Amino acid sequence: MALFGALILALLAGAHAELPGCKIRITSKALELVKQEGLRFLEQELETVTIPDLRGSEGHFFYNISEKVYEFLSTFITSGMRFLLNQQICPVLYHAGTVLLNSLLDTVPVRSAVDELVGIDYSLLKDPVASTSNLDMEFRGAFYPLTEANWSLSNRAVEPQLQEEERMVYVAFSEFFFDSAMESYFRAGALKLSLVGDKVPHDLDMVLRASYFGSIVLMSPAVIDSPLKLELRVMEPPRCTIKPSGTTVSVTTSVTIALVPPNQPEVQLSSMIMDARLSAKMALRGKALRTQLDLRRFRIYSNQSALESLALIPLQTPLKTLLQIAVMPMLNERTWRGVQIPLPEGIDFVREVVTNHAGFLTIGADLHFAKGLREVIEKNRPADTRDPRTSSAPPPSMAAV
């Protein structure tokens, strides 16, 4: 019975466990690179250590030992002299390693703003899992509107998997990662566009006025020549679909066409629904995940009647052109800014390879130290850094090198 109860509890715990939207694998190749950079840092730290010459007497024996002959005399140094060396060297090593680790971790963002509208949560969901060849980490990988910091989208996507080991680092993103981004922008009110007057492309303005000429000609002269307004508003959060063949984003938008006479209520000419499918290509640049969107499929239809949908066919081409020349560049300007990946400052991704799977994608890359560890540590060193040979020394049990 106890075994059955434990099994039930385990199943319940698994059922309520939060799935990661982002996973990162650091392979042994990356760890070796970090190790070499760390050793270089420690060598620089040791170069700053100054050990004073030892002078004194013991009975009739007088000694004067300089720093340069310590190694030569190491086999003859008494336990008391070894203690002096440990007091000088080991605290520096201990301090350097501690500062190195803390400084690198301090540069990794956990919850941070992506822009003025949304933020990203990279909280670790559980302790990293280390093996002989990899270090695997699972992150929440969820966006949120800055005005609703406590809001979160339920993660029902496929859990991303990491199997590869050839590159230094692998990052996996599920559909949830991208869906939470789009829903956050939707909730923040960013997924809408209004073009009025000169902002409407001239050719499109002419086509729209010709299409609704029958309605416009019956209006008062003050309204006929009014500026045209074209409003696009995303009706529901877009959704991302990741397949081995590629990544797509589905968007449903309402389109409203109206005349805007000065100092009068606007006069609606038509409203329609627009379905669009965008292809999305992901890339890593530096530490930023960037997205390039391209319009693939597009159709408009009336939510009133099939007959009105037929009347909208002539608008299909000019509206698609509007999307390509006006809307897509605006979207790509935002998505190409990218979102930061949880990687310590001073380390960038290079030579990345993107692979699509069913429900998630992985990006493999190598690492490049854009900054030395000393530069990273100095930038993040607290203002009241204390002497490493005082209070930051290790306990006596760790004093021996």
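**Arginine 290 and its structural setting**

In the predicted model, the side chain of Arg290 extends to the backbone oxygen of Arg337, at a distance of 3.3 Å. Arg290 itself belongs to strand β15, which spans residues 288-301. The residue is buried, yet it takes part in no salt bridge. The nearest side chain of opposite charge is that of Glu352, 8.8 Å away. Because a salt bridge requires a side-chain nitrogen of Lys or Arg within 4 Å of a carboxyl oxygen of Asp or Glu, this separation of 8.8 Å leaves Arg290 without such a partner. When neighbours within four places in sequence are set aside, the contacts of Arg290 comprise Lys281, Met282, Ala283, Arg285, Thr335, Trp336, Arg337 and Gly338.

Strand β15 also contains Gln292. With a relative accessibility of 38%, Gln292 is classed as partly exposed, whereas Arg290 is buried. The C-alpha atoms of Gln292 and Lys281 are 5.2 Å from each other, although the two residues stand 11 residues apart along the chain. Beyond four places in sequence, Gln292 is in contact with Ser279, Ala280, Lys281, Asn332 and Trp336. Lys281 and Trp336 thus appear among the contacts of Gln292 and also among those of Arg290.

The wider architecture provides the context for this site. The protein comprises 10 helices and 18 strands. Of its 401 residues, 40% are buried. Among contacts between residues at least 6 apart in sequence, 69% link residues that are at least 24 apart. The protein exposes about 22,700 Å², of which carbon and sulfur atoms contribute 58%.

Charged pairs were examined next. Side chains of opposite charge can pair when their charged atoms come close. Across the whole structure, 21 salt bridges are found. One of them joins the side chains of Arg334 and Asp115, with an N to O distance of 3.0 Å. Arg334 is located in helix α9 (residues 316-335) and Asp115 in the loop between β4 (111-113) and β5 (118-121), so this pair ties together parts that are 219 residues apart in sequence. The two partners differ in their accessibility class: Arg334 is partly exposed, at a relative accessible area of 28%, while Asp115 is buried, at 14%.

Lys229 takes part in two of the salt bridges described here. Its side chain meets that of Glu231 at 3.8 Å, N to O, and that of Glu266 at 3.1 Å, N to O. Lys229 lies in strand β11 (residues 228-234) and Glu266 in the loop between β13 and β14, so the latter pair ties together parts that are 37 residues apart in sequence. A relative accessibility of 15% places Lys229 in the buried class. Both acidic partners are partly exposed, Glu231 with a relative accessible area of 22% and Glu266 with 40%. In addition, salt bridges with shared partners connect Glu18, Arg111, Asp121 and Arg140 into one network.

The loop that holds Glu266 also contains Asn263, lying between β13 (246-259) and β14 (267-285). Asn263 is exposed, since its relative accessibility reaches 85%. The phi angle of Asn263 is near 60°, a positive value in a residue other than glycine. Most residues other than glycine have a negative phi. A positive phi, of about 55°, is likewise found at Arg351, which is not a glycine. Arg351 is part of strand β17 (residues 347-356) and, with a relative accessible area of 55%, is exposed.

A nonpolar patch on the surface completes the description. Phe213, Val217 and Leu218 form this patch, and together they have about 350 Å² of accessible area. Within the patch, Phe213 is placed in helix α6, which covers residues 213-216. Phe213 counts as exposed because its relative accessibility is 52%, and the cut-off for this class is over 50%.

Terms used. Residues are numbered from 1 along each chain as its sequence is written. This is a predicted model: local features need pLDDT of at least 70, side-chain atom pairs count only at pLDDT 80 or more; totals for chains, interfaces and linings use all residues. Side-chain values use heavy atoms; hydrogens and water are left out. Helices (H or I, at least four residues) and strands (E, at least two) are DSSP runs, numbered from the N terminus. Buried means under 20% relative accessible area, exposed over 50%, partly exposed in between (1.4 Å probe, protein chains only). Lys and Arg count as positive and Asp and Glu as negative; His and the chain ends are not counted. A polar contact is a pair of N or O atoms within 3.5 Å; within protein, one must be able to donate a hydrogen and the other to accept it, and residues adjacent in sequence count only if both atoms are side-chain atoms. Contact means heavy atoms within 4.5 Å. Patches are made of residues with over 30% relative accessible area and no salt bridge: like charges are joined within 9 Å, nonpolar side chains (Val, Leu, Ile, Met, Phe, Trp, Tyr) within 5 Å. Accessible areas come from the Shrake-Rupley method with a 1.4 Å probe; for residues, only the protein chains shown count as cover.
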